[in-house]
Amino acid sequence: MNGSAASKTLCIEGWRGINHSIGMVNQNQILEWLKLPGWQLYHRDAPYFLPHWSRSSLSAGFSAEEQALIDAVPPPPEGQLLDGCYRIASPIRLGQPGSARRTGTFVVTEVGDLAFEPEPLDTDLLTQGDDFVVTPSHWARERLVERGFKAEAIRVVPHGYKTDVFQPLSPAERLEARQRVGIAEHEIVLCNVGVSTWNKGVELAVLGYVQLRSEGFPVRLILKDHKGLYGLGVERVMGELMQREPLLQRADIQAGILVISSSLNLHQLRSLYGLADAYVSPYRAEGFNLPVLEAMGCGTWVIVTGGGATDDFVPPALGHRLASRPGRLANAPAGQGRFMAPEVEDLVQALRTVAEGRVPRGPEQEAARQALAERYNWGRVTAELAALF
């Protein structure tokens with residue numbers, strides 16, 4: 001951090017110390033922003049959204065050195081007019097009027113509604129004068145425009161991933177990672193990371209796994225839920241599925257499913273992505289879907305819904321985009337907005353391609369992975385964000 005008189009001053013209002021996705025984005029950007037010349041960085045901690053969120057139970061998983069750098073960013077001086085303010089927390093905080101010459105606000109939506117907002121938000125308050133809104137995907141941008149945001153005031157800045165962590169496992173590392181969770185070398189592993197809400201499509205991944213397992217494929221499914229954050233575990237999804245899918249009640253099919261609810265550090269997440277043969281995300285609506293990016297960084301084939309946020313960054317060489325159609329509101333739970341409906345038959349066929357060992361792996365895939373690391377590393381993404389100020 002350059003503290004010279006010529007430095008631009010910026011205060012970030014956000015979450016530190018926890019593994020919520022918005023908090024992780026903020027902390028990764030802080031680490032990179034500290035490396036940029038010509039900036040004096042400050043941080044004002046926003047209140048956590050839920051009272052049980054804490055650093056001890058929901059650790060962000062950075063190294064001790066990295067977390068110390070993040071935590072050392074000081075609060076802004078009282079009464080000083082700063083060059084910029086960047087808000088990245090929920091609900092959206094309007095901060096202190098007049099505390100910065102220009103304000104950028106991170107706003108992300110999955111189905112159109114704004115998450116965590118206790119009451120309707122006057123969108124014009126976020127885009128007065130030169131103030132602007134940052135969102136991570138073109139899907140999210142379209143939803144925000146539909147929501148009433150001024151299109152000309154929305155800037156799309158994608159998320160990045162830690163390219164120094166999320167890299168392919170060596171054969172020995174992969175074997176060891178599988179042994180730690182009781183998975184044999186010959187077994188085909190599918191995995192998914194995320195909160196078990198309807199828009200994530202976790203039950204579709206489970207149903208696809210059930211189909212392949214019932215056909216005799218040696219397939220396993222690992223689900224890493226976010227029960228610690230929201231209290232929503234995979235067991236709720238499983239209970240609902242068992243009522244309409246008798247095969248899921250079979251002991252041999254249940255035995256192939258591993259659920260992880262505890263927090264994982266970044267290297268443990270890398271092991272999870274790396275031991276898998278495919279990362280499966282048949283989502284209905286996502287603001288970005290960061291785990292997909294991290295999984296591709298680890299060289300893991302991804303299966304994602306076509307037509308959604310991941311169209312921005314999933315190349316054909318690294319994954320399969322599921323055929324999909326615009327979802328019908330009549331088929332959605334109450335309160336859902338715009339979403340995609342992935343084709344289940346295409347999902348099963350894509351999983352069968354993985355189970356039969358027909359996923360392409362070679363120089364083209366490695367070149368695509370390297371290009372991904374060049375485009376979506378946190379350093380480059382944070383520099384794009386800084387340029388907006």
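Strand β8 and strand β9 (residues 257-260) run parallel and are joined by four bridges. This pairing, like everything described here, comes from a predicted model. Within it, Ile222 has Leu258 of β9 as its bridge partner. A further parallel partner of β8 is strand β7 (residues 188-193), and here the pairing extends over six bridges. Val219 of β8 is the bridge partner of Ile188. Between these two strands the chain passes through helix α5 (residues 202-214), and the resulting β-α-β crossover from β7 to β8 is right-handed.

Strand β8 itself (residues 219-224) is mostly covered, with six of its six residues buried. Side chains in a regular strand alternate between the two faces of the sheet. In β8, Val219, Leu221 and Leu223 point one way, while Arg220, Ile222 and Lys224 point the other way. Burial takes in both sets, the charged-type names Arg220 and Lys224 being listed as buried along with the rest.

Turning to the other sheet, six strands form an open arrangement in the order β2-β1-β3-β4-β5-β6, with parallel pairing. The edges are held by β2 (39-45) and β6 (154-156); each has a single partner strand, so one side of each lacks a neighbour in the sheet. From one strand to the next, the twist averages 25 degrees. Within this sheet, strand β1 (residues 8-14) pairs with strand β3 (residues 82-88) in the parallel sense, over five bridges. Cys11 stands opposite Cys85 of β3.

Nonpolar side chains tend to be buried together in soluble globular proteins. Here the largest nonpolar core has 71 residues, and those with the most contacts inside it are Trp33, Leu293 and Met296. Helix α1 (residues 21-33) gives the most to this core, contributing six residues. Another core lies apart from it and has 32 residues, including Leu190, Val219, Leu241 and Leu347. Beyond its neighbours within four places in sequence, Met296 is in contact with Val302, Phe313, Val314, Pro315, Leu318, Arg369 and Leu372.

Helix α1 deserves a closer look. Its 13 residues reach 18 Å from the first C-alpha to the last, close to the 18 Å expected at 1.5 Å a residue. Of these 13 residues, 12 are buried, so the helix is largely enclosed by the rest of the structure. Among the buried residues of α1 are Ile22, Met24, Val25, Ile30, Leu31 and Trp33, together with Asn26, Gln27, Asn28, Gln29 and Glu32.

Note on methods
Residues numbered from 1 in each chain as written. Predicted model: local features only at pLDDT ≥ 70, side-chain atom pairs only at ≥ 80, totals over all residues. Heavy atoms only, no water. Core = buried A, V, L, I, M, F, W, Y, C linked by side-chain atoms within 4.5 Å. Buried < 20%, exposed > 50% of the residue type's maximum accessible area, 1.4 Å probe, protein only. Contact = heavy atoms within 4.5 Å. Pairing = 2+ DSSP bridges. Axes fitted to C-alpha atoms, helices over the stretch in contact; angles between N-to-C directions. Expected span 1.5 Å × (residues − 1). Right-handed = clockwise from strand over helix to strand, strands pointing away.
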